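Let's take a walk through a protein together, stopping at a few places where side chains meet. Keep the sequence and the 3D view open as you read.

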Amino acid sequence: SGLKKMRSKNPTKPINEFSKSFIGVEYQPHIWALSMFNFILHGVVPSYIFSGDTFNDEIKQKIIDIGPNVGFLNPPYKSDKKNDKEELEFVLNQLDEMTSGGVVAAVLPMSSALNPNNKITELKKRLLSKHKLLGCFSNPDELFYNTTATVVTCIMIFQAHVPHPKNYKTFFGYFKNDGFEKRKNKGRIDVNKKWEKIKETWINSYRNREEIIGLSVCKEVNCIDDWCAEAHLPTD
């Protein structure tokens, strides 16, 4: 998807010149191989898709030296195992690797936006001390319908290495109804072709920081607040 977007913006750029445009880290060797093979099928031999642990200091330093300015992640969701890392630890890790002012978007379980325990609150405190929470979107409840992931999710957007300012109002979007409907053996699909218009409304409301009744609101938050629209939208 990233390659397609880049090519649409640079249609005359030779395909092989995108080889250094992508950075990634994959712990599982077979998934790393599939990722590399997928790029190669699209005509790109990526230079910076690393096989290993994203928390490895050597890999982290390589990424910092490359200097990414846009980051996306959907980290592994924490199980009941005590030694599992919290999802926000992956977000902090990626933000630390970004250039100053770079933007990271992360798909996370809604529990990461709340305060279920002291560890989450502390991670939120660390995030705000170093990075700016630009926005948080509440996703459709069945976003991962027909998969093993049944958790309700949100998307957080941060600006790297810009401490969260006092009195800054973060954008919260109640982005639940994306127009998709469930269909047997097909999952969630855009049956009535509503998505493009809904997407435009969502993106414009975020970019322009518009407060729309029932859809979006801008609020000052700290580490003990809930980072979701449900907690801040006015109710009748």
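**Charged pairs and a nonpolar patch**

At 24% relative accessibility, Asp-96 counts as partly exposed, because partly exposed covers values between under 20%, which is buried, and over 50%, which is exposed. Keep in mind that this is a predicted model.

Which residue does Asp-96 pair with in a salt bridge? The partner is Lys-130, and the closest N and O atoms of the two are 3.1 Å apart. This pair ties together distant parts of the chain: Asp-96 belongs to helix H4 (residues 87-97), while Lys-130 belongs to helix H5 (residues 118-130), 34 residues apart. Lys-130 is partly exposed too, with a relative accessibility of 34%. If you wonder about the chemistry behind such contacts, side chains of opposite charge can pair when their charged atoms come close.

Now find Lys-176, which forms a salt bridge with Glu-230; here the closest N and O atoms are 3.9 Å apart. Again the pair links distant parts of the chain, 54 residues apart. Lys-176 sits in the loop between strand E7 (169-174) and strand E8 (181-183), and Glu-230 lies in the segment after strand E10 (216-220). Is Lys-176 buried or exposed? Its relative accessible area is 17%, so Lys-176 is buried, since buried means under 20%. Glu-230, in contrast, is partly exposed at 36%. There is a third member to look for here: salt bridges with shared partners join Asp-141, Lys-176 and Glu-230 into one network.

Our next pair stays within a single helix. Lys-62 and Glu-58 both lie in helix H3 (residues 57-66), four residues apart, which is about one turn of the helix. Their side chains meet in a salt bridge, with 4.0 Å from N to O. Lys-62 is partly exposed, with a relative accessible area of 39%, whereas Glu-58 is exposed, at 56%. How many salt bridges does a search of the whole structure find? The search finds nine, so you can go hunting for others, because each one is a side-chain nitrogen of Lys or Arg within 4 Å of a carboxyl oxygen of Asp or Glu.

Finally, let's leave the charges behind and visit the surface. Phe-37, Ile-40, Leu-41 and Val-45 form a nonpolar patch there, and together they have about 420 Å² of accessible area. One of them, Val-45, is placed in the loop between helix H2 (29-41) and strand E2 (48-51). Val-45 counts as exposed because its relative accessible area is 56%, and exposed means over 50%.

Notes:
Residues are numbered from 1 along each chain as its sequence is written. This is a predicted model: local features need pLDDT of at least 70, side-chain atom pairs count only at pLDDT 80 or more; totals for chains, interfaces and linings use all residues. Side-chain values use heavy atoms; hydrogens and water are left out. Patches are made of residues with over 30% relative accessible area and no salt bridge: like charges are joined within 9 Å, nonpolar side chains (Val, Leu, Ile, Met, Phe, Trp, Tyr) within 5 Å. Accessible areas come from the Shrake-Rupley method with a 1.4 Å probe; for residues, only the protein chains shown count as cover. Helices (H or I, at least four residues) and strands (E, at least two) are DSSP runs, numbered from the N terminus. Buried means under 20% relative accessible area, exposed over 50%, partly exposed in between (1.4 Å probe, protein chains only).
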